[in-house]
Amino acid sequence: QNKRVHLNKDELKSTSKAIVTMHTLCCNENKGASELVAELATLYQCIRFPVVAMGVLHWVDWTVSEASYFKLQTDHTPLHLALLDEISTCHQLMHPLVLLLLVKLFETEHSQLDVMEQLELKKTLLDRMVHLLSRGYVLPVVAYMRKCLERQDTDISLIRHFVTEVLDMIAPPYTADFVQLFLPILESDSIAGTIKPEGESDAVAEFIAHCKANFVGN
């Protein structure tokens, strides 16, 4: 005899309420990004529901893919990209989808922006990737940056920025897989010796020394 699955109606209510709230906010054409900032707490609350987060991811993709989107942005981190950070924080299973979108944006030619604006935008996108890495999606993010270095199609200052940000947030012990991907980036001719040490500590030299002592030749 098939037992009927018991549904928690209260849970269903809160999910459908979050869907309706988010739909109202996202589809209100009178609300620009600056008006949505006022609703940030509500947006973040709704994003906790996986089904809402998936909808927001598609909405962000659609919104930021508009040719003029980044031209009109004045904030260092546009609201829609900040929402991607929140999705990364709340939903581990959506990490691959967030990275796919970030890679797509990173590789898009934003010809409406001047060279410096394009670099700044790419830095902002890299910061989102670093956030994704900090939430546990480490190897795919580092593997992508390694690919960028090998293809030689990415401004080297961006790769230096990525390396600096990552070194700033990691600490041993490291896995062999991580070292295998990250160490060659640091040892490449275009990176080695180009990142200035902050104060007395040289994060690049320390990481390389740690890897040599613990991994190389083991």
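Where does leucine 125 sit? Its place is in helix H7, which covers residues 115–134. I'll come back to that residue below; here are my notes on the rest, point by point.

1. **What kind of model this is.** Keep in mind that this is a predicted model. The mean pLDDT of the protein is 88, with 91% of its residues at 70 or more. Broken down by element, the lowest mean pLDDT, 75, goes to helix H2 (residues 33–37). The highest, 97, goes to helix H6 (residues 95–107).

2. **Overall fold.** You won't find any strands here: the count is 11 helices and 0 strands. Read from the N terminus, the order of elements is α-α-α-α-α-α-α-α-α-α-α. Along the principal axes, the C-alpha atoms fill a box of roughly 60 × 55 × 30 Å.

3. **Burial, surface and contacts.** The protein has 218 residues, and 39% of them count as buried. Its accessible surface is about 13000 Å², and carbon and sulfur atoms account for 54% of that. Take the contacts between residues at least 6 apart in sequence: 69% of those join residues at least 24 apart.

4. **Charges.** If you plan to look at electrostatics, the tally is 19 positive and 28 negative charges. The mean positions of the two sets are 10 Å apart.

5. **Two domains.** The division puts domain 1 at 11–136 and domain 2 at 138–217. Their centres, taken over C-alpha atoms, are separated by 27 Å. Domain 1 gives 15 residues to the contact and domain 2 gives 17 residues.

6. **Back to leucine 125.** Is this residue of helix H7 buried or exposed? Leucine 125 counts as buried because its relative accessibility is 0%, and the cut-off for buried is under 20%. With neighbours within four places in sequence set aside, leucine 125 is in contact with Leu81, Leu102, Leu105 and Phe106. For a longer-range distance, try isoleucine 195: it is 70 residues away from leucine 125 along the chain, and the two C-alpha atoms are 20 Å apart.

7. **Helix H5, first stop: alanine 82.** Helix H5 runs over residues 79–90 and holds alanine 82. This alanine has 17% relative accessibility, so alanine 82 counts as buried. Beyond the neighbours within four places in sequence, alanine 82 is in contact with Tyr44 and Thr77. Threonine 42 is 40 residues from alanine 82 in sequence, and the C-alpha to C-alpha distance for that pair is 14 Å.

8. **Helix H5, second stop: glutamate 86.** Glutamate 86 is found in helix H5 too. What about burial for this acidic side chain? Glutamate 86 comes in at 18% relative accessibility, and so it counts as buried, the cut-off being under 20%. Not counting residues up to four places away in sequence, glutamate 86 touches Tyr44 and Ile47. Tyr44 therefore turns up in the contact list of alanine 82 and in that of glutamate 86. The C-alpha atoms of glutamate 86 and alanine 53 are separated by 9.0 Å, with their positions 33 residues apart along the chain.

9. **Threonine 63.** Helix H4 (residues 50–64) is where threonine 63 is found. Threonine 63 counts as buried because its relative accessibility is 14%. Setting aside residues up to four places away in sequence, threonine 63 touches Tyr69 and His80.

10. **A backbone angle to check: glutamine 152.** Which loop holds glutamine 152? Glutamine 152 lies in the loop between helix H8 (138–151) and H9. Phi of glutamine 152 is near 55 degrees, a positive value in a residue other than glycine. Most residues other than glycine have a negative phi. Is glutamine 152 buried or exposed? Glutamine 152 counts as exposed because its relative accessibility is 70%, and the cut-off for exposed is over 50%.

11. **A peptide bond to check: proline 172 to proline 173.** This bond is cis, with omega near 5 degrees. Most peptide bonds are trans. Proline 173 lies in the loop between helix H9 (156–169) and helix H10 (176–187).

Notes
Residues are numbered from 1 along each chain as its sequence is written. This is a predicted model: local features need pLDDT of at least 70, side-chain atom pairs count only at pLDDT 80 or more; totals for chains, interfaces and linings use all residues. Side-chain values use heavy atoms; hydrogens and water are left out. Helices (H or I, at least four residues) and strands (E, at least two) are DSSP runs, numbered from the N terminus. Buried means under 20% relative accessible area, exposed over 50%, partly exposed in between (1.4 Å probe, protein chains only). Contact means heavy atoms within 4.5 Å. Accessible areas come from the Shrake-Rupley method with a 1.4 Å probe; for residues, only the protein chains shown count as cover. Lys and Arg count as positive and Asp and Glu as negative; His and the chain ends are not counted. The place of a charge is taken as NZ of Lys, CZ of Arg, CG of Asp or CD of Glu. pLDDT is the predictor's confidence in each residue, from 0 to 100. Domain bounds come from an automatic or database domain assignment.
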